[in-house]
Amino acid sequence: MDIRTAVPNRHRRSLWHKIILNWQLYLFLLPAFAYVVLFQIAPLYGLQIAFRDYRIAFGISGSKWVGLKHFNNFFNSFYFTRLFVNTFALNFLGLFFYSIVPVLLAITLNSIINERAKRIIQTIIYIPHFISSVVLAGVIYIFFSPENGIVNKFIVLFGGKSIHFMLKAECFRPLYIGSTLWQNAGWDSILYIAALTSIDVSLYEAATIDGATRLQKVRYIELPAVVPIFTMMLILSCGRLLGSDTEKILLLQTAGNSEVSDVFGTYIYKFGIEKSQFSYTTAIGLVLNSISFVMILIVNSITKRMNGTQLF
Amino acid sequence: MKRIAVLLLALVLCLVTLTDVGPALAEEKLTISVMQSVRDIDTIDVENNWAIKYLEEKTGVHVAYDMVKQSDWNTKLTLTLASGALPDVIWGPGALDAEEYGILQQLVIPLDGYLEECMPTLKSRFDMEPAATVALTASDGHIYGLPSYYFGSPATPNDGIPFIQKAWLDALNLEMPKTVDELTDVLRAFKTGDPNGNGIADEIPLSSTITDGANCSIFVLFSFWGIPTDGRTFFSLDEEGKVTFDPYRPGFRDALEWLNLLYAEGLMDVETLTQDVSTTTSKIADGVVGLFPFWRLTQMNIDANLETAAHLYGVAAEGYTPKMHTNLGYMTPRIYLTKDNQHVEETLRWFDAQLEKETMFNMYCGPKDGNWHYEEDGSLSYFSASGDWSQLCLNVQAMLNVPTPMYAAENINLSAAYVEKAVYVDAHREAGMLQTYPNTLLKIVPLSADDTYEINLILADIQTAVQEFVSKSITEGVTDESWNAFMDICGKLRVDEYISIYQNALDASGMI
Amino acid sequence: MENHKSKKLELLLRSDRIYHGCVVALWVVILFLIIYPLYLVLIASVSDPDAVYKGEIMFLPKNISWMGYEAVFKFGEMWNSYLNSIFYTVLGTMLSIAVTMMAAYAISRKFPGKWFFNFIFVLVMFFSGGLIPTFLILRDLGLYNTRAVMIINGCLSVWNLMIARTYIQNTMPEEIFEAAQIDGASHVMYFICILLPTCTTIIAVLAVYYGVGKWNDYFTGLVYLRDRKLLPLQTLLREILATLQVSNNDFAMIMDDYANQANAIRTAQVAKYCIIVVSTGPAVLLYVLMQKYFVKGVMIGSIKG
């Protein structure tokens, strides 16, 4: 509560007055806001490409208006339902793991007694983030190869039959989610590690005195410290349920698993890069983004009611 | 510690700003700007490149190059066109859609009016072989793009051929198979007979991919059933010149069933369905693969184990006449002048100068008696520049050369690689096993902008459906049920509409 | 950071011993899962690409060849690009942190119009005009082919902004703010003297997030730069990798030159591992430096006092 405005009701400051009082805040916002307006809001006029037949030479406003033609084509396309299910299922399932595993990593890491080990491990788990998708996909192909892959060699060793992982549709989601976790869990845990190091030491001391077990400390001290950020990340992630790491999916996609791995991202890629269908891809993008935006609004109002954390 | 860091940072900042762009050259000569595409593996040092300097001296025209890597080409071209700052010349890795950019948007200008006056060499080449100019004319009768054509004999199949390890056949005392059944027996023998004689059963009878179009891919084998599929769009031209959908052709199902048989018996490399070309190539290079569709044998950088392989052709499936795909030797337009070009005639003369015979080879191979020279009989032999040639010449994609097949035949000793493929084509043609109408016609027939939009929409889904069905059929086999379901899907994917669009375009173009 | 002594005390409780045992076991497994593939990437960068394909590389490199590193370092331009990347990353990160922290602080406070700003920020997270309009605007602002565009582009990530705001809201108790106000401090003074020193952790996190993002960014350079002297490292290195995505168009496998092309592809197969090794180094360094800021800020004393 701002003391300067906390006066008894009768003398409620006017709106204008409040603005003047907080003029410095507006100044603080200025660079960020200017950037956003110039580089992200201004280009939004380009969204109308979705409603036109964009031809470069005619410019955006010169191109013919076609209304909802591209949207119709999109919704009526043969694989639309499959694309939607694949995209949503992949991300929803993934969301579960991507949000929880980093927290687990951070909390268990925080329990490690040896400080030096802790710091070294912290650095190590952060490195997989730099392994690009191209290399990671290459490594996956090698590890899971039906003839020479390590994984299959193990399976055969224990009497099983070699599995062609890259071909089977049911292996795609675990492979994708697993590899994404491998790449990013350590990276994402940075934030939580930071939050945990900010916890007041005296809380731990008090808890020890009270005879709390380690697990109880986790539950009553560490988790509450992490929950606000966790919730925020969750909300933000809900806005990405229709997106995908297209590059990685394309690398892991084979004709055998495409019934599961074909997602909106790969569909757009086929049209964007290879066929330069700007209007069509813009229309698809607009649909997906709008849905994501609505989803975030919904999730936001839920969390607002639940624990007060909100996006806006 | 902190101070050292700050000092270092300041040093970096200074270094960086000092290495900024140097002063621009002030030129008296005519300067044209060329947006040039180069292959990803090429980085051409424009300042020091011998061929560029040579050309500038010869023609007196200074060129401001904007070299763009092929993989970035689409993005950069779009942005350049959108920004309105057009270069004088666009020299791409492929054709620009003349309908779109020439006729509709008028970003590039028609050039046929200048041919007589400014481009006599080019015109003489056109006159030598008018049929090869089929792809240059847009639907309004004008030529927008100047051709770039690489040396070669006309019907060189640009695509893959099945090869078999002859040494293995000899080791097992087998004849070259002439039917698919014989081939199957051969493959079985390869698997069990240890033909490479090393005591280990490491032979892979057949290894390939399904993602490489019609090059190093399993789809090359469909020619045994008379289906010269391109393995990518899955539409081809039948013997009457009609557009057909490959799965609709008789034999497609049988081909799939055969592949499934191979898969089930362990005669096909399981990874065929997931591996890419590089992996396949390295297996072939190891000498463990018996039958492999591939591009050619010579000059592939893995000569050692390919010396013992031989071209396999004439294998017929029962009841079918084999048909191998063929390519059309035609000139593809690649060089366009934009509407902002202020020196059209000079630019065209500049191009024309590059067509003179010795100039061409200087540009393509480097200085005389380096990578190219005259034989005693006066004919010309050349090698493609290898090693670090980026200082020496503008290789392939950066070049304009229009010898036309006839010219090439008269004047140039084609490299072994070309000769090799020409031999295969001739063998097929003599046996009546060559496709009459090349699939490439479908690539070059002009389509209206609306048609292109529809085609793109339809094709993406068709490709997905076919690839999935092929993969599933190979691993699990084809049943009446699965086949009918697939046919059903194809109907729903508007295959017939696609066919009729192309058929109409083809009929209207007069190419057949 | 927990008190070392209090942790030692924990081992006295039996359930804690079990807990710690599980934690150690878990981390052993995790570390193996992480380190082994990383180790593989390292040895693959010096091995023969064919051996790599066939999965023959398990513990030791095979046919040691440095051709991948040669390919990467032979780019004379590479050293220049390295410098460029350092330049862009350092300046860009500093700018990003400044902009983000200021904005995060602002929207963590209550003031008229806050809802509007929040809404705009969230809106742009989802909707974008696309490459062409953005390109045109940047060009009209005179930023095409300048160093400035590399630094300014991406200077604010709304995702990071929201995280920073959440952090501030949860770490800075309201009492401190009120105490500062009573002492007559303005927003600016509060920000500089109290908030920033206390929030070193989130600043360190932002430094890592933005820093790595800038370091890894190849796309901005690709689209907005023309002079090769201005290119950052990743855009340059990507040219080696692009060979691997050679698409199936007619010109990809030009007849005569296939040998060269095949060679290039082979080199690229190895080079992709080398590129990772080369570009990861600085990023790890950055993190190690930032780690020491992951400590409790100076605030605790002030509350108790």
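Domain bounds in this tour come from an automatic or database domain assignment, and the model on screen is a predicted one.

Begin with chain A, where you can select residues 3–44 as domain 1 and then residues 80–131 together with 169–307 as domain 2. If you mark the centre of each of these two domains of chain A, taken over C-alpha atoms, the centres are 33 Å apart.

Next, move to chain B and select residues 372–374, 380–382 and 412–413, which are strands E12, E13 and E14. Together they form an open sheet of three strands in the order E12-E13-E14, with mixed pairing. Strands E12 and E14 of chain B stand at the edges and have a single partner strand each, so one side of each is left without a neighbour in the sheet. Looking at E12(B) and E13(B), you will find that they run antiparallel and are joined by three bridges; to follow one pairing, select Trp372(B), whose bridge partner in E13(B) is Tyr382(B).

Finally, stay in chain B and select helix H17, residues 449–476, along with helix H19, residues 495–509, which pack with their axes 10 Å apart and at an angle of about 140°. That angle makes H17(B) oblique to H19(B), because only angles over 145 degrees count as roughly antiparallel. The crossing of H17(B) past H19(B) is left-handed. To see where the helices meet, show the side chains of Asp451(B), Glu454(B), Ile455(B), Ile458(B) and Ile462(B) in H17(B), and those of Val495(B), Glu497(B), Tyr498(B), Ile501(B) and Ala505(B) in H19(B). Coloured by character, the residues of this contact between H17(B) and H19(B) comprise seven nonpolar and three charged, with no polar ones.

How values were computed
Residues are numbered from 1 along each chain as its sequence is written. Chains are lettered from A and ligands numbered from 1 in the order in which they are written. This is a predicted model: local features need pLDDT of at least 70, side-chain atom pairs count only at pLDDT 80 or more; totals for chains, interfaces and linings use all residues. Two strands pair if DSSP finds at least two bridges between them. Helices (H or I, at least four residues) and strands (E, at least two) are DSSP runs, numbered from the N terminus. Axes are lines fitted to C-alpha atoms, for helices over the stretch in contact, and angles run from 0 to 180 degrees between N-to-C directions. Angles under 35 degrees count as roughly parallel, over 145 as roughly antiparallel, 65 to 115 as roughly perpendicular and the rest as oblique. A crossing is left-handed if the near helix is turned anticlockwise from the far one by less than a right angle, and right-handed if clockwise. Two residues are in contact if their C-beta atoms, placed from the backbone, lie within 7 Å. Ala, Val, Leu, Ile, Met, Phe, Trp, Tyr, Cys and Pro count as nonpolar, Asp, Glu, Lys and Arg as charged, and the others, Gly among them, as polar.
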